[in-house]
Amino acid sequence: MDYRRMGRTGLELSVLSYGSWVTFHKQVDDTLADELMGIAYDSGINFFDNAEVYALGESEKLMGRVLKRKNWDRTSYTVSSKAYFGWRGKNNKPNQTGLSRKHLVEACNEALQRLQLDYLDLFFCHRPDTNVPIAEVVWTMNHLIQQGKILYWGTSQWSAAEIMEAHRAAQEYKLIGPAMEQPQYNMFERFKMEQDYLPVFQNAGLGTTIWSPLAAGFLTGKYNNGIPEGSRLAIEGFDWLKERWVQDEKIKKVKQLAVLSKNLNVSLASLAIAWTIHNPNVTTAILGATRKEQLSENLKALEVVKVLSPDIIEEIEKILQNKPRLDLA
Ligand SMILES: NC(=O)c1ccc[n+]([C@@H]2O[C@H](COP(=O)([O-])OP(=O)(O)OC[C@H]3O[C@@H](n4cnc5c(N)ncnc54)[C@H](OP(=O)(O)O)[C@@H]3O)[C@@H](O)[C@H]2O)c1
């Protein structure tokens with residue numbers, strides 16, 4: 001496994017990592033989670049991603065039970081949580097969501113309890129919150145760092161302008177600014193990583209823990225001919241993902257990518273993941289997997305990235321036809 005430094009920090013994250021959105025508690029039980037996290041850790045993965053909202057807190061509890069059982073050296077891995085959406089779903093009351101000082105502090109304490117940990121390595125603001133002054137967010141995160149409850153803080157799905165605003169506030173008050181962002185990044189979702197954040201990478205430095213490298217599984221080709229039973233898009237409440245991804249024009253491109261991957265003698269899943277980590281601004285690509293075979297297949301991206309020559313990247317661009325135009329930025 002390769003390790004990349006997270007932005008301008010000293011923290012080294014494995015270039016592939018493992019997350020639990022949708023999967024833990026809904027599709028993956030304790031036994032399977034134990035096996036999947038075991039495969040991940042044994043392969044060199046040192047970052048496990050979670051959030052208060054995943055399975056309404058149950059995902060963190062499950063991951064906490066596995067970590068407790070595994071009893072790995074705490075210094076050998078990193079864990080995250082994210083706050084914003086709350087964990088009570090429809091029953092969320094005022095102050096149980098968002099980025100106020102009250103919710104961030106309570107969400108952090110609750111995540112630590114659910115995960116059975118003394119500190120979070122990474123703590124994310126899961127979305128921007130225009131109702132909270134940015135200085136309040138930065139002061140709160142700095143406070144949690146000073147208390148030793150979190151080591152690094154970051155954002156998820158913020159714009160470059162919002163991230164720079166946080167840096168400005170951090171500079172003004174001499175506080176610790178955001179070290180990382182967690183944006184969606186895959187062959188069909190490129191704007192933030194390849195256009196919007198470029199000045200932030202250059203000027204402030206920014207680690208990125210990118211999500212949905214397979215577009216929720218769509219980039220494996222499994223949805224080319226309908227929705228297979230037992231797959232993510234067949235789960236009740238996740239039909240919005242079908243609208244998001246399963247479109248004729250995209251399926252056409254996935255089929256062309258499948259031909260390319262076949263010619264390269266690699267799986268489409270590993271090619272799509274390799275393509276994300278080929279971008280040096282990606283610190284780590286968070287894998288999701290509901291089966292051991294999926295995880296093993298996806299880990300092969302570490303080898304596939306080595307065959308991504310400029311010619312192959314060009315072939316992929318010809319298929320995708322969606323490279324952000326920097327001259328229009
Ligand atoms: N910050 C945020 O807002 C945010 C949002 C989303 C995710 N995330 C993080 O990013 C992580 C990864 O996102 P993601 O789960 O959407 O990643 P993904 O890699 O795009 O999708 C993973 C899903 O695709 C299917 N899959 C994976 N490998 C496969 C293979 N080789 N063959 C066939 N199907 C395969 C599995 O679903 P099925 O088996 O069910 O079909 C798996 O759960 C999450 O766990 C979470 O930690 C963060």
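1. Which residues of H2 are buried? They are Ser59, Glu60, Leu62, Met63, Val66 and Leu67. Around the axis these residues cover an arc of only 160°, which puts them on the same side of H2. An α-helix has 3.6 residues a turn, so residues three or four places apart point the same way. Keep in mind throughout that this is a predicted model.

2. Next, the length of H2. The helix takes in residues 58-70, 13 residues in total. At 1.5 Å a residue it should span 18 Å, and its end C-alpha atoms are 18 Å apart, so the two agree. Asn71 follows H2 and has a positive phi, near 55°.

3. What do the buried residues of H2 pack against? Two helices are on the list: H1 (30-42) and H3 (101-115). So are two strands, E4 (47-49) and E5 (78-83).

4. H3 can be read in the same manner. This helix has 15 residues. From first C-alpha to last it reaches 21 Å, close to the 21 Å expected at 1.5 Å a residue. Its buried residues are His103, Leu104, Ala107, Cys108, Ala111, Leu112, Arg114 and Leu115. Seen down the axis of H3, they fall within an arc of 165°, so they line one face of the helix.

5. The buried residues of H3 have their own set of partners. They pack against the helices H2 and H4 (134-146). They also pack against the strands E5, E6 (120-125) and E7 (150-155). After H3 comes Gln116, with a positive phi near 55°.

6. Now the strands. How many strands form the closed barrel? There are 8, running E3-E4-E5-E6-E7-E8-E9-E10, with parallel pairing. Strands of a sheet pair through backbone hydrogen bonds, either parallel or antiparallel. One pair to inspect is E3 (residues 16-19) with E4, which is parallel over 2 bridges. There, Gly19 has Asp49 of E4 as its bridge partner.

7. Gly19 turns up again at the ligand. Which residues come nearest to the ligand? Of the 29 residues around it, they are Gly19, Trp211, Leu214, Gly217 and Gly288.

8. Last, the make-up of the ligand shell. Its residues divide into 10 nonpolar, 15 polar and 4 charged. Strand E10 (284-287) and helix H11 (292-299) each supply at least two residues. H11 gives the most, with 3 residues. E10 also belongs to the closed barrel.

How values were computed: Residues numbered from 1 in each chain as written. Predicted model: local features only at pLDDT ≥ 70, side-chain atom pairs only at ≥ 80, totals over all residues. Near = placed C-beta within 6 Å. Helix = DSSP H or I, 4+ residues; strand = E, 2+ residues; numbered from the N terminus. Nonpolar A, V, L, I, M, F, W, Y, C, P; charged D, E, K, R; others polar. Expected span 1.5 Å × (residues − 1). Buried ≥ 20, exposed ≤ 12 C-beta atoms within 10 Å, placed from the backbone. Arc of directions from axis to C-beta. Contact = placed C-beta atoms within 7 Å. Pairing = 2+ DSSP bridges.
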